[in-house]
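Some structural terms sound like opinions until you check them. Here is a short round of questions about how such labels are earned.

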Amino acid sequence: MSSSVSVPRLVVAAPSSGSGKTTVATGLMAAFAARGLAVSPHKVGPDYIDPGYHALASGRVGRNLDAYLCGPELVAPLFLHGARGCDIAVVEGVMGMFDGAAGEGELASTAHVAKLLRAPVVLVVDASSQSRSVAALVHGFASWDPEVRVGGVILNKVASDRHEALLREALESAGVPVFGVLRRVAQVDTPSRHLGLVPVAERRGDAVDSVAAMAAQVERGCDLEGLMGLARGAGALPCAAWDAVEVLDSAHVTHPGARGCVESAATAAWARPDPTQPHPTSDGPVRVAVAGGPAFTFSYAEHSELLAAAGAEVVVFDPLRDEQLPEGTTGLVIGGGFPEVYAAELSANEPLRKAVSALAETGAPVAAECAGLLYLCRELDGQPMCGVLDASARMEETLTLGYRDAVAVSDSSLAVAGTRMRGHEFHRTVVEPGAGDAAAWGVRVPRRRLEGFVQRGVHASYLHTHWASQPGVARRFVERCRTS
């Protein structure tokens, strides 16, 4: 493919969280799709929930762009991978436009990603409590970083025609065009709980209605032709699209946080075949079961793509409904989600709990993140779980949130000891003990600690990781599936 690719694109940003980015971005995706355009949906940062609404709006897989987890060098290639064959891409930002990883400057902020994508920014402003002051706010955001191009504004939560007139008059002096004015509409609101919006998988019918309402509001209130013109002004990106097969075939694997693509010895080892295992053969199928359904909605699309590129057949199952693992399962991936919400239902599915336990007993590779970790414990809030790990889990009030720098402590089905990887924690639960005799990770921030469990083929941890940053993860996992 060409090394210079042009995709019309917009980044939807805001001065702060709660300004209406999700409503505007999702509404734009749905409105453009309704016009017959192929829309590529993206989300800045590690968030798993918004991409579900994006997928519903666009009919395509919602993908994340995270410069912390994957490294800045992968943002544009991953974007182009998701945007293949599309007429326009809409990228929803995270938090305030310049808010990035704590203590890391602009890293992983919406502004940072916009610069990496060379994309114009549409600033969504909550205008509910201001009039003339909006000009100072927009001027500040448009001029703060000359490398970020704020191409226009969408005013949200506008109270009346008079309010709109005052806002437009004020913004004439800022020199930034207004591409839309949205009034508050109740049915656009989406329900939230302890970790953000309720995922699409848990409220499919209502979510469809919410997305339709967002699309209708954006269609009524925004200049879609003008926004399309702004998107078409984005130039070509001087890189090729990320490709799972190509990165697995590559002899070198770049790790997140590496500057200048410097490769550590541990990282190189991660990409190589496991010397402690028999040489893998192509005999026999590798079938990797991936947990899905309402209880396990958190996953990055690239994980399954990498597993498939490594030679696995990926089969999704629902732990709330399926009483057995897919026939012929040789490996298991259980990502994040809300098992605490469905603890009773997960516990009631005793046949599947026993099947998961039996698979783990054989030494088959099992990769579990956050919700998957809880599911493998003895119990969650007093409800029996799979009992693979000698640990118990419970809900608590404190939110654990943030990016993490981690080092693999033990050799596992995913990593060799000493390998560095970046991850993200986001939960209101606690597991006791927090680490097994063989821990998964050593974490430095916010405090030094051992975290997670490695036993037989199981790798279980609170850390969410993005395998595109370390494609050797998928290759190693599939090799273990062949040899376990």
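**From value to label**

Q: What makes both faces of strand E12 (residues 331–334) count as covered?

A: This is a predicted model. On one side of E12, Gly331 and Val333 are buried. On the other side, Leu332 and Ile334 are buried too. Buried means under 20% relative accessible area. Both faces of E12 are therefore covered. In a regular strand the side chains alternate between the two faces of the sheet.

Q: How do you know that E12 pairs with strand E10 (residues 287–291)?

A: Count the bridges. E10 and E12 are joined by 3 bridges. Pairing needs at least two bridges, so E10 and E12 pair. The two strands run parallel. Valine 290 has valine 333 of E12 as its bridge partner.

Q: What makes E12 and strand E13 (residues 366–369) a pair?

A: The test is at least two bridges. E12 and E13 have 3 bridges, in the parallel sense. Opposite leucine 332 stands valine 366 in E13.

Q: Why are helix H5 (residues 133–143) and helix H6 (residues 161–171) called oblique?

A: Two packed helices are described by the angle between their axes and the distance between the axes. The axes of H5 and H6 come within 8 Å and cross at roughly 45°. Under 35 degrees would count as roughly parallel, and 65 to 115 as roughly perpendicular. The angle of roughly 45° fits neither range, so H5 is oblique to H6. The crossing of H5 past H6 is right-handed.

Q: Which residues make the contact, and how do they divide into nonpolar, polar and charged?

A: H5 supplies Val134, Ala135 and Val138. H6 supplies Leu167, Ala170 and Leu171. Val, Ala and Leu count as nonpolar. The contact therefore has 6 nonpolar residues, no polar ones and no charged ones.

Q: How does H5 run relative to strand E5 (residues 121–126)?

A: H5 lies across E5 and strand E6 (150–158). Its angle to E5 is about 150°. Over 145 counts as roughly antiparallel, so H5 is roughly antiparallel to E5.

Q: What makes strand E3 (63–65) and strand E7 (178–183) edge strands?

A: The open sheet has 7 strands, in the order E3-E2-E4-E1-E5-E6-E7, with parallel pairing. E3 and E7 each pair on one side only. The twist averages 25° from one strand to the next.

Q: How do you know that strand E1 (residues 9–13) pairs with E5?

A: There are 3 bridges between E1 and E5, which run parallel. At least two are needed, so E1 and E5 pair. Valine 11 stands opposite valine 121 in E5.

Terms used: Residues are numbered from 1 along each chain as its sequence is written. This is a predicted model: local features need pLDDT of at least 70, side-chain atom pairs count only at pLDDT 80 or more; totals for chains, interfaces and linings use all residues. Side-chain values use heavy atoms; hydrogens and water are left out. Axes are lines fitted to C-alpha atoms, for helices over the stretch in contact, and angles run from 0 to 180 degrees between N-to-C directions. Helices (H or I, at least four residues) and strands (E, at least two) are DSSP runs, numbered from the N terminus. A crossing is left-handed if the near helix is turned anticlockwise from the far one by less than a right angle, and right-handed if clockwise. Contact means heavy atoms within 4.5 Å. Buried means under 20% relative accessible area, exposed over 50%, partly exposed in between (1.4 Å probe, protein chains only).
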